[in-house]
Amino acid sequence: MAHLQHHALSYVEFGVDDLAATQAFYEAAFGWKFNDYGPTYRGIQAPDGVGEVGGLDAGAQPGQGPLVLLFSTDLDATVDAVRDAGGVVVAGPYEFPGGRRFEFEDPSGNRLGVFAEA
C-alpha cells in the first residue's frame with residue numbers, strides 16, 4: 001500500500017476454501033503476484049509491486065463477498081467513532097503482521113474492517 005489515507009478504502013480480502021487453488025487461479029487468469037504469510041494467508045501485491053491491495057484468507061468464509069478494509073491513523077479513535085455512529089464491532093481490535101485492525105458491521109449489516117500500521 002504505497003499511499004495510505006485516513007478512512008479511505010485501502011484493501012480487499014477474499015475468503016477462500018482452497019488457498020493454493022485460488023492463488024493459482026488469480027496468478028494464471030490475471031498475472032497477480034502474492035506475498036506468503038503462512039499456511040492461511042496470501043497478500044495480493046499491488047500492480048507496481050509496491051505494497052499490497054488485498055489478500056486471500058483461508059480463515060474467512062468464502063462466498064460472503066470480499067472484506068473491504070479502510071486505513072486509520074488512529075485505530076482506537078476509529079473504533080470509538082464506529083461505535084458512536086451506531087456500528088457494531090464484531091472482531092478486535094487485534095494484532096496482525098504489520099499492525100492492528102478490527103472489523104465492524106454497519107447498521108445494514110455490511111461487514112468492513114479498519115487497520116492501522118504498526
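Which strands does helix H1 (residues 19-30) lie across? In this predicted model, H1 lies across S2, strand S3 (41-45) and S4, and runs at about 145° to S4.

## Helices on the sheet

Helix H1 has a counterpart to look at. Helix H2 (residues 75-84) also packs on the sheet, where H2 touches S6, S7 and S8. The direction of H2 makes about 5° with that of S7.

## The sheet itself

Go along the sheet and you'll meet 8 strands in the order S2-S3-S4-S1-S5-S8-S7-S6; the sheet is open and its pairing is mixed. Strand S2 (34-36) and S6 sit at the edges with a single partner strand each, so one side of each has no neighbour in the sheet. From one strand to the next, the twist averages 25°.

Further in, S1 and strand S5 (residues 67-71) run antiparallel and are joined by 4 bridges. Glu13 has Leu67 in S5 as its bridge partner.

## The largest pocket

The largest pocket holds about 410 Å³ of space. Its lining takes in 16 residues, with Tyr11, Tyr41, Phe96, Pro97 and Arg101 nearest the centre. Strands S1 (9-15), S4 (52-57), S6 (88-96), S7 (99-105) and S8 (111-117) each give two or more residues to that lining. By class, the lining has 9 nonpolar, 1 polar and 6 charged residues.

## The second largest pocket

Next comes a pocket of about 330 Å³, the second largest. This one is lined by 16 residues, and Gln61, Gln64, Gly65, Leu67 and Arg111 lie nearest its centre. S1 and S7 each supply at least two of the lining residues. The mix here is 4 nonpolar, 6 polar and 6 charged.

Methods: Residues are numbered from 1 along each chain as its sequence is written. This is a predicted model: local features need pLDDT of at least 70, side-chain atom pairs count only at pLDDT 80 or more; totals for chains, interfaces and linings use all residues. Side-chain values use heavy atoms; hydrogens and water are left out. On a 1 Å grid over the protein atoms alone, a cavity is a set of points where a 1.4 Å probe fits but cannot get out, and a pocket is an open set with protein on both sides within 12 Å along at least five of seven lines; lining residues have an atom within 4 Å of a point. Grid points are joined across faces, edges and corners, and a volume is the space filled by probe spheres set on the points. Ala, Val, Leu, Ile, Met, Phe, Trp, Tyr, Cys and Pro count as nonpolar, Asp, Glu, Lys and Arg as charged, and the others, Gly among them, as polar. Two strands pair if DSSP finds at least two bridges between them. Axes are lines fitted to C-alpha atoms, for helices over the stretch in contact, and angles run from 0 to 180 degrees between N-to-C directions. Contact means heavy atoms within 4.5 Å.
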